[in-house]
Amino acid sequence: MKKNVCILNGGRCEVGGHLLQRVVNFLRLNGYGIVSEPEGCAAVIVNSCIVMRSSKKASQEALDGVLEKYNGKVILFGCLAGVRNKYERRGDVALIGPKELSKFNEHFKGPVAIETVAANCLDSSVFIPYQ
């Protein structure tokens, strides 16, 4: 049975989009499906951005919403995870900053390491740029 990972995207910058695309490619190569709802998932990844106040707020709201309703593995990924934040002392959230992609290897075991995965183009189903 294929395991699914829910990805919620609070980030909208292009650099973060490329990093998120590497994560999506890594998960797919290791047999995970990508879905937009957390029910029945192996994990939820909340991609975050802190470039603008509104994107930081959207990232926090997405993560808070997941933490209220979901009981599984939750990963805060992106720039918010790489700076001091209100989630760093919580035991129910794993933090993976933009320079810590190798941590995904620990959370999602498989034959392909994230260091070997590229992101040549952005998948519009997981990345929507600022308008």
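1. Let's start with lysine 57 and glutamate 61, whose side chains meet in a salt bridge with an N to O distance of 3.8 Å. Please keep in mind that this is a predicted model. The N to O distance of 3.8 Å counts because the cut-off for a salt bridge is within 4 Å.

2. Why can these two side chains pair up along the helix? Lysine 57 and glutamate 61 are four residues apart in helix α2 (residues 53-69), so about one helical turn separates them. As for its surroundings, glutamate 61 is partly exposed, at 49% relative accessibility; the exposed class begins over 50%.

3. Next, have a look at arginine 84 and glutamate 88. These residues form a salt bridge as well, and their closest N and O atoms lie 3.7 Å apart. Are the two partners buried or exposed? Arginine 84 is exposed, with a relative accessible area of 66%, while glutamate 88 is partly exposed at 35% relative accessibility.

4. Glutamate 100 and lysine 103 make a further pair worth displaying: their salt bridge has its closest N and O atoms 3.4 Å apart. Glutamate 100 is partly exposed, with 30% relative accessibility, and lysine 103 is also partly exposed, at 28%. Neither residue counts as buried, because that class requires under 20% relative accessible area.

5. Finally, how many salt bridges does a search of the whole structure find? The search gives five, among them the pairs lysine 57 with glutamate 61, arginine 84 with glutamate 88, and glutamate 100 with lysine 103.

Notes
Residues numbered from 1 in each chain as written. Predicted model: local features only at pLDDT ≥ 70, side-chain atom pairs only at ≥ 80, totals over all residues. Heavy atoms only, no water. Buried < 20%, exposed > 50% of the residue type's maximum accessible area, 1.4 Å probe, protein only.
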